[in-house]
Amino acid sequence: MDLGLKDAAVCVQGGTKGMGRAAAECFAADGARVVVLAREQAGIDETVARLTELGSPDAWGARIDLLDPPTIDAAFEQIRLRWSEINTLVNAAGPGGARSTWDGIPDAEYHRAFDLGAMSAVRCTRAALPLLRTAAWARVVNVSAHSTKRQSETLAAYTAAKAAMTSVSKNMSLVLAKEEILVNTVSPGSFASASFKAAMRALPAERGLNPDNLYDCMRWIAEDYGHPAHMPRAGDPKEIGAVIAFVGSRRNSYMTGANVNVDGGSDFC
Ligand SMILES: NC(=O)c1ccc[n+]([C@@H]2O[C@H](COP(=O)([O-])OP(=O)(O)OC[C@H]3O[C@@H](n4cnc5c(N)ncnc54)[C@H](OP(=O)(O)O)[C@@H]3O)[C@@H](O)[C@H]2O)c1
């Protein structure tokens, strides 16, 4: 299916690893211009090389720390100077947030989780808005989490922040629908991304869990977080990249304010 992305101007924050990276690759393979925003230059360079190889006519990156708002404004100024428009903004960075029960998390950690989990999408979308308005068509995709629908004892701050993101995403869609700027949320289940695998690698060896085995990944999530899915394995980031690309494409012309689950069925367990 042609997603209508040829030469589209696409910005993916958190686009160098995991699900954001998988989405960036789909946009590039469909012929879009793609800018990825992240903290580490090495990840940006490697991603840009791959996006170019996949066929993006203008792949590039900018360093940004979503916990440092002036760097957000600086990155969108660079995009304005280079493209003067954005067709698609994907807010995918994360995850972040201390793991503890709700009463054991200090205020500063709650604020950090909200800054990365919700305010990053608010700040990036606000900075992108003049460029989204300039474009002939525009979409925003906010990557939230399935854990907003089912609690886990030690994910209180993260989950609350993602619930806030889902809510503000709905509000954005209400306000921007009048201008045909379509805003949707995509809620992943458990995906074997960079940070996910790093957390698994820190587990004691005697647990016998291999981060490269998607069935082991789901076993970890079920045992430690109580989030099993109908499908007995975690997802590969590539399996959500294509969904994000469709939701953020011109081909999606009448879906806005939706919250799309990509979770192997965990919403119904
Ligand atoms: N993996 C899961 O199972 C899962 C489940 C539900 C929801 N999610 C959500 O899905 C999204 C993608 O997660 P993922 O697991 O695919 O992530 P990931 O593989 O860890 O990649 C995270 C991306 O965000 C960037 N990033 C992180 N902190 C940043 C910051 N402060 N400023 C700028 N960029 C930053 C990283 O680049 P740098 O490190 O170079 O900055 C990287 O490009 C996140 O919003 C996460 O909360 C994940």
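## Helix H4

In this predicted model, helix H4 covers residues 107-134, a run of 28 residues. From its first C-alpha to its last, H4 reaches 39 Å. At 1.5 Å a residue, 40 Å would be expected, and the computed span is close to that value.

H4 also has a bend. The bend is about 50° and is placed at Met119.

## The loop before H4

Pro95 is found in the loop between strand E4 (88-91) and H4. The peptide bond that joins Gly94 to Pro95 is cis, with omega at about -5°. Gly94 appears again in the surroundings of the ligand, where it is one of the closest residues.

## Strands E2 and E3

Strand E2 consists of residues 33-38 and strand E3 of residues 59-63. The two strands run parallel and are joined by five bridges. Within this pairing, Val36 stands opposite Gly61 of E3.

Helix H2, residues 41-54, belongs to the same part of the chain as a member of a β-α-β unit with E2 and E3. The unit is right-handed.

## The ligand and its shell

The ligand is surrounded by 30 residues. Gly14, Gly18, Gly94, Ser193 and Ser195 are the closest. Sorted by class, the shell holds 16 nonpolar residues, ten polar residues and four charged residues.

Two helices can be named as contributors: H1 (18-29) and H6 (194-201) each supply at least two residues of the shell. The shell can also be described by domain. Domain 1 is made of 9-189 together with 236-257, and domain 2 is made of 192-234. Because both domains give residues to the shell around the ligand, the ligand lies between them.

## Asp7, before strand E1

Asp7 sits in the segment before strand E1, which covers residues 9-13. Its backbone has a positive phi of about 65°, although Asp7 is not a glycine.

Notes:
Residues numbered from 1 in each chain as written. Predicted model: local features only at pLDDT ≥ 70, side-chain atom pairs only at ≥ 80, totals over all residues. Pairing = 2+ DSSP bridges. Helix = DSSP H or I, 4+ residues; strand = E, 2+ residues; numbered from the N terminus. Right-handed = clockwise from strand over helix to strand, strands pointing away. Near = placed C-beta within 6 Å. Nonpolar A, V, L, I, M, F, W, Y, C, P; charged D, E, K, R; others polar. Domains from an automatic or database assignment. Expected span 1.5 Å × (residues − 1). Bend = angle between axes of the 7 residues up to and from the residue.
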